[in-house]
Amino acid sequence: MTMSDEHKNAGPFTEGGHAVAEQGVVLLEGPDGIAAAMTADAAEQTGESLIAAAQEARRQAGPVARD
Amino acid sequence: MTAPATDALSMNAMDLFLRGRTVTLTDAERAALARSISEVRRVPARTTLVDRGERLHHSTMLVDGLMTRYIDDLEGGRQVVAFHVAGDFVDLHGYPLQTLDHSIMGLTDVTIGLVPHDAIDRLIEQDAQLGRKLWFSTLLDAAIHREWLFRLGRLDAIGRVAHFMVETEARLAAVGLSDGRSFVLPITQTDLAEIVGLTPIHVNRVLRTLREEHICTFRSSRVDIADHPRLARLGQFDPTYLYLQAAGSDMIDTREP
């Protein structure tokens with residue numbers, strides 16, 4: 001591998017996952033190889049946690065993005 | 001149930017071993033291995049033959065049926081770490097390792113041949129080439145394990161199931177148990193979930209998608225592959241790791257750009 005090689009694993013996912021409900025369970029597909037099944041309660045907790053973390057990540061990235 | 005090793009059963013077992021691979025056995029090597037089988041057993045489905053950590057004194061050749069290697073977590077969840085078809089040595093690595101770091105179970109009723117480790121000692125001492133071929137067999141296992149890491153680490157749900165189906169078709173075809181489109185697969189959706197690291201509900205949805213898209217149908221212990229190239233693409237299937245001879249037109253490396 002050379003320094004110019006860029007690998008898909010090198011950075012965070014830029015496309016979101018897709019969730020569907022199936023037989024009373026939430027199935028999360030992606031991004032990439034993520035495939036998880038959760039109860040509705042666990043899915044809601046995960047969703048709230050993701051949104052809170054996304055807001056914090058934006059706050060962290062903000063000053064860097066403006067440089 | 002145990003039965004004395006018979007020449008016919010023993011030869012049948014070894015007839016499938018390494019069949020269709022890039023390294024194959026000579027007739028003399030096949031006969032020598034067949035003679036090393038001390039006992040043929042028929043074992044009911046869902047029987048754990050070897051528990052993780054158990055001391056081994058023989059290795060198991062799968063003559064007929066399907067078997068898995070598995071590891072259970074502390075909560076009782078199971079990850080299948082290998083899937084075996086007729087003609088596979090299920091635990092040849094147990095010969096040098098002496099204990100297994102996983103358990104072994106038959107998914108179906110199985111017929112197995114037991115090869116004592118001291119018999120393997122003698123085979124290797126007498127025939128270094130046969131020893132290298134046994135080594136090849138364990139390296140083939142390792143190659144499949146690497147591919148399973150890729151499957152679990154990189155593929156989404158439909159890709160994992162697609163990859164398993166295409167791989168299993170190729171392995172069964174190598175031993176004459178698939179016609180390239182259809183094969184018998186007497187496992188449950190829960191088994192499949194434990195193989196591909198998904199929940200049974202997730203697997204059920206994936207199978208429905210594959211069926212509705214007219215790609216592959218898994219029903220009543222039978223797999224019918226309607227669109228092999230598409231199934232292989234979904235699973236990013238590259239057959240290189242199976243070390244098969246004369247890959248056919250279906251054996252396309254779908255990871256080539």
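1. A good place to start is helix α6 of chain B, residues 157–174. At 1.5 Å a residue, its 18 residues should span 26 Å, and the end C-alpha atoms are indeed 26 Å apart, so expectation and model agree. Please keep in mind as you read on that this is a predicted model.

2. Is α6(B) mostly covered or mostly uncovered? Mostly covered: 17 of the 18 residues in α6(B) are buried. Just past the helix, have a look at G176(B), which follows α6(B) and has a positive phi, near 75°.

3. Now step back to chain B as a whole. Its secondary structure comes to nine helices and 11 strands. The radius of gyration of chain B is 18 Å, close to the 18 Å from the globule rule for 257 residues, so chain B is as compact as a globular protein of that length. Along the principal axes, the C-alpha trace of chain B spans about 55 × 45 × 30 Å.

4. Two further values help to describe how chain B is packed. Of its 257 residues, 40% count as buried. If you take the contacts in chain B between residues at least 6 apart in sequence, 73% of them join residues at least 24 apart.

5. The domain assignment splits chain B into domain 1 (2–147) and domain 2 (155–242). The C-alpha centres of these two domains of chain B lie 24 Å apart. Their contact takes 17 residues from domain 1 of chain B and 12 residues from domain 2 of chain B. On the side of domain 1 that touches domain 2, the elements giving two or more residues are β6 (78–84) and α5 (128–154) of chain B. The residues on that side of domain 1 of chain B divide into nine nonpolar, four polar and four charged.

6. For a closer look at a single residue, try R52(B), in the loop between β3 (48–50) and β4 (58–64) of chain B. Why does R52(B) count as partly exposed? The reason is its 15 C-beta neighbours inside 10 Å, since the partly exposed class lies between 12 or fewer (exposed) and 20 or more (buried). Leaving aside residues up to four places away in sequence, R52(B) touches I71(B), L100(B), D101(B), H102(B) and S103(B). One of these, L100(B), is 48 residues from R52(B) in sequence, yet their C-alpha atoms are 5.5 Å apart in space.

7. Chain A has one helix and three strands, and from the N terminus on, its elements run β-β-β-α. Of the 67 residues of chain A, 6% count as buried.

8. A word on confidence in chain A. The average pLDDT of chain A is 83, and 78% of the residues score at least 70. Over residues 1–5 of chain A, though, the pLDDT is below 50, and this stretch has zero contacts in the model beyond near neighbours in sequence. Where pLDDT is low, predicted coordinates should not be read in detail.

9. Finally, where do the two chains meet? Nine residues of chain A are in contact with 10 residues of chain B. On the chain A side, β2 (25–29) and β3 (35–38) of chain A are the elements that give two or more residues. The largest share, three residues, comes from β2(A). The residues of chain A on this side divide into four nonpolar, three polar and two charged.

Technical notes:
Residues numbered from 1 in each chain as written. Chains lettered and ligands numbered in written order. Predicted model: local features only at pLDDT ≥ 70, side-chain atom pairs only at ≥ 80, totals over all residues. Domains from an automatic or database assignment. Contact = placed C-beta atoms within 7 Å. Helix = DSSP H or I, 4+ residues; strand = E, 2+ residues; numbered from the N terminus. Nonpolar A, V, L, I, M, F, W, Y, C, P; charged D, E, K, R; others polar. Expected span 1.5 Å × (residues − 1). Rg over C-alpha atoms; globule rule 2.2 N^0.38 Å. pLDDT = per-residue confidence, 0-100.
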